[in-house]
Amino acid sequence: MAIEIDREVTHSLGQAEALQRIKGLLERLQREHADKVSIEAQVWQGHRGQFRVNILGYLIQGRIMVLDDKVKFRGGSQLAPDKMQSQVDDLLHQQVEKLLA
């Protein structure tokens with residue numbers, strides 16, 4: 001049982017604007033899905049971030065890198081059931097697309 005996050009989303013905002021929007025991503029997820037998502041940790045150093053979030057009771061951790069023309073997400077959870085993969089992918093995809101539009 002494991003899920004993996006490995007996604008790149010392109011944008012045309014430039015690094016500074018994309019970074020500003022992405023930094024609020026986890027808080028937005030927690031606010032809009034309070035019954036499913038809670039933030040355990042979020043640390044940023046320049047355009048790179050690390051996160052730990054609890055989604056549906058499973059800890060998911062990873063890294064975010066914001067570049068001039070894309071945002072890369074890498075991470076996952078060894079304990080989360082495989083069936084959560086599509087839920088996490090869909091949630092991430094929807095929220096990131098909204099932020100970077």
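Glutamate 17 and arginine 21 sit 4 residues apart in helix H1, which covers residues 15-23, so about one helical turn separates them. The two form a salt bridge, with their closest N and O atoms 2.8 Å apart. Glutamate 17 is partly exposed, at 30% relative accessibility. Arginine 21 is partly exposed too, at 26%. This is a predicted model, and the pair in H1 is a good place to enter it.

Now to helix H2. It runs over residues 25-32 and holds both arginine 28 and glutamate 32. These two are also 4 residues apart, about one turn of the helix. Their side chains meet in a salt bridge, at 3.1 Å from N to O. Glutamate 32 has a relative accessible area of 39%, so it counts as partly exposed. Side chains of opposite charge can pair when their charged atoms come close.

How many salt bridges does the structure hold? The count is 5. Another of them joins the side chains of glutamate 8 and lysine 70, at 3.8 Å from N to O. Glutamate 8 belongs to strand S1, residues 3-10, and lysine 70 to strand S5, residues 70-77. The pair therefore ties together parts that lie 62 residues apart in sequence. Glutamate 8 is partly exposed, with a relative accessible area of 42%. Lysine 70 is partly exposed as well, at 24%.

Glutamate 8 and lysine 70 also belong to a wider group. The salt bridges of the model include some that share partners, and these join Asp6, Glu8, Lys70 and Arg74 into one network.

Next comes helix H3, residues 84-100. What span should its 17 residues have, at 1.5 Å a residue? The expected value is 24 Å. The C-alpha atoms at the two ends of H3 are 24 Å apart, which agrees.

Look around the axis of H3 as well. Met84, Val88, Leu91, Leu92, Gln95, Val96, Leu99 and Leu100 are buried in this helix. They cover an arc of only 135 degrees around the axis, which means that they lie on the same side of H3.

One of these buried residues, Leu92, leads to a cavity. The model has 1 cavity of 30 Å³ or more. The largest cavity has a volume of about 150 Å³. Which residues come closest to its centre? They are Leu26, Leu29, Phe51, Ile55 and Leu92, out of 13 that line the cavity. H2, S3 and H3 are the elements that each give two or more residues to this lining. By class, the lining has 13 nonpolar residues, with no polar and no charged ones.

The largest pocket has another make-up. Its space comes to about 190 Å³. The residues lining the pocket are Val43, Trp44, Gln45, Arg48, Gly49, Gln50, Arg63, Ile64, Met65, Lys72 and Arg74. Strand S2 (37-45), S3, S4 and S5 each give two or more residues to the lining of the pocket. Here the classes are 4 nonpolar, 3 polar and 4 charged. Arg74 in this lining is also part of the salt-bridge network with Asp6, Glu8 and Lys70.

Strand S3 deserves a second look. Valine 53 has its place there. Is valine 53 buried or exposed? At 4% relative accessibility, it counts as buried. The cut-off for buried is under 20%. The C-alpha atoms of valine 53 and glutamate 40 are separated by 5.1 Å, while the two residues are 13 apart along the chain.

Follow the chain past S3. Leucine 56 lies in the loop between strand S3 (48-55) and strand S4 (58-66). Its phi is positive, about 55 degrees, although leucine 56 is not a glycine. Leucine 56 is partly exposed, at 42% relative accessibility.

One more loop residue rounds off the tour. Leucine 13 is found between S1 and H1. Its relative accessible area is 24%, so leucine 13 counts as partly exposed. Where valine 53 and glutamate 40 have C-alpha atoms separated by 5.1 Å, those of leucine 13 and serine 38 are separated by 28 Å. Leucine 13 and serine 38 are 25 residues apart along the chain.

Definitions and conventions
Residues are numbered from 1 along each chain as its sequence is written. This is a predicted model: local features need pLDDT of at least 70, side-chain atom pairs count only at pLDDT 80 or more; totals for chains, interfaces and linings use all residues. Side-chain values use heavy atoms; hydrogens and water are left out. Buried means under 20% relative accessible area, exposed over 50%, partly exposed in between (1.4 Å probe, protein chains only). A salt bridge is a side-chain nitrogen of Lys or Arg within 4 Å of a carboxyl oxygen of Asp or Glu. The expected span of a helix is 1.5 Å times one less than its number of residues. The arc is that of the directions from the helix axis to the C-beta atoms. On a 1 Å grid over the protein atoms alone, a cavity is a set of points where a 1.4 Å probe fits but cannot get out, and a pocket is an open set with protein on both sides within 12 Å along at least five of seven lines; lining residues have an atom within 4 Å of a point. Grid points are joined across faces, edges and corners, and a volume is the space filled by probe spheres set on the points. Ala, Val, Leu, Ile, Met, Phe, Trp, Tyr, Cys and Pro count as nonpolar, Asp, Glu, Lys and Arg as charged, and the others, Gly among them, as polar.
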